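Work through the exercises below with the sequence and the structure side by side. Try each task before reading its solution.

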Amino acid sequence: MKIPENLKFMDSGTVVFNGPDSMEAAVDQVLTVLSAYGRAEAVPPCDVALDCSGRLRDAFITAHIEKSGQGWAVMFQEADAVKKSVKMFCMLIFALAIVPLVCAVRSGFAAPAAVLYVVCAMVYLYLVFFPSGACIRRMQKIENNFLLL
């Protein structure tokens with residue numbers, strides 16, 4: 001699994017659960033929980049990465065597992081960003097939307113063209129700056145699954 005380098009990971013919580021004595025069994029347990037939400041792989045020495053990307057967004061969750069008292073602590077980090085190709089497509093549409101605006105100003109129809117340009121700008125800003133609600137709900141479900149262990 002290759003995680004794009006442009007993604008910025010942020011802490012997403014820590015869950016403590018009681019489990020087996022060995023690190024390998026704990027990693028297997030974390031893999032089992034995470035694999036329900038996408039493609040999960042064990043990454044040495046004791047980390048697990050989950051790829052839950054869609055068509056428009058790159059979304060990854062990493063889990064770092066450590067021994068904690070009688071159980072295990074799983075520290076999550078997640079990254080969610082619009083794919084580079086989608087950003088480039090939106091920028092192209094945004095750039096092309098200025099052509100009708102310039103032509104409309106000359107012919108007197110500036111208001112509809114300006115609305116089109118503002119809508120394109122708002123869609124681009126929404127895609128780039130707002131996180132996916134699905135990613136937030138997915139992380140909450142994963143944390144709840146660990147509380148049941």
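**Exercise 1. Read the fold along the chain, then judge its overall form.**

Solution. Start with the order of elements. The protein chain runs β-α-β-β-β-β-α-α-α-α. Next, count them: there are five helices and five strands. Now turn to spread, bearing in mind that this is a predicted model. The radius of gyration is 21 Å, while the globule rule gives 15 Å for 149 residues, so the protein chain is more spread out than a compact globule. Then check the principal axes. The C-alpha trace spans about 75 × 25 × 20 Å along them.

**Exercise 2. Find the largest nonpolar core and say which elements build it.**

Solution. First, its size: the largest nonpolar core has 21 residues. Val-30, Phe-76 and Phe-146 have the most contacts inside it. Second, list the elements that give two or more residues to this core. The strands are E1 (10–17), E3 (47–51), E4 (57–68) and E5 (71–82). The helices are H1 (23–34) and H5 (133–147). Third, rank the contributors: H1 gives the most, with six residues. Finally, look for a second core. Another one, of five residues, lies apart from the largest, and includes Val-86, Cys-90, Tyr-124 and Leu-127.

**Exercise 3. Trace the surroundings of Phe-76.**

Solution. Leave out residues up to four places away in sequence. Then go through the partners in sequence order. Phe-76 touches Met-10, Asp-11, Ser-12, Gly-13 and Val-15. Leu-34 follows, then Ile-61, Thr-62 and Ala-63. Met-139, Ile-142 and Phe-146 complete the set. Of these partners, Phe-146 shares with Phe-76 a place among the residues with the most contacts inside the largest core.

**Exercise 4. Place Ala-40 and find its partners.**

Solution. Begin with the element: Ala-40 sits in strand E2 (residues 39–43). Again skip residues up to four places away in sequence. The partners that remain are Met-1, Leu-31, Leu-34, Ser-35, Val-48, Ala-49 and Leu-50. Now take a distance. From Ala-40 to Lys-8 it is 19 Å, C-alpha to C-alpha, with their positions 32 residues apart in sequence.

**Exercise 5. What share of the residues counts as buried, and what does the surface expose?**

Solution. Take burial first: 32% of the 149 residues count as buried. Next, the surface: the protein chain exposes about 9,200 Å². Carbon and sulfur atoms supply 64% of that area. Then add the charges. There are 13 positive and 13 negative ones, and their mean positions are 15 Å apart. Last, consider contacts with a separation of 6 or more: residues 24 or more positions apart account for 57% of them.

Key:
Residues are numbered from 1 along each chain as its sequence is written. This is a predicted model: local features need pLDDT of at least 70, side-chain atom pairs count only at pLDDT 80 or more; totals for chains, interfaces and linings use all residues. Side-chain values use heavy atoms; hydrogens and water are left out. A nonpolar core is a set of buried Ala, Val, Leu, Ile, Met, Phe, Trp, Tyr and Cys residues joined through side-chain atoms within 4.5 Å. Buried means under 20% relative accessible area, exposed over 50%, partly exposed in between (1.4 Å probe, protein chains only). Helices (H or I, at least four residues) and strands (E, at least two) are DSSP runs, numbered from the N terminus. Contact means heavy atoms within 4.5 Å. The radius of gyration is taken over C-alpha atoms; the globule rule is 2.2 Å times the number of residues to the power 0.38. Accessible areas come from the Shrake-Rupley method with a 1.4 Å probe; for residues, only the protein chains shown count as cover. Lys and Arg count as positive and Asp and Glu as negative; His and the chain ends are not counted. The place of a charge is taken as NZ of Lys, CZ of Arg, CG of Asp or CD of Glu.
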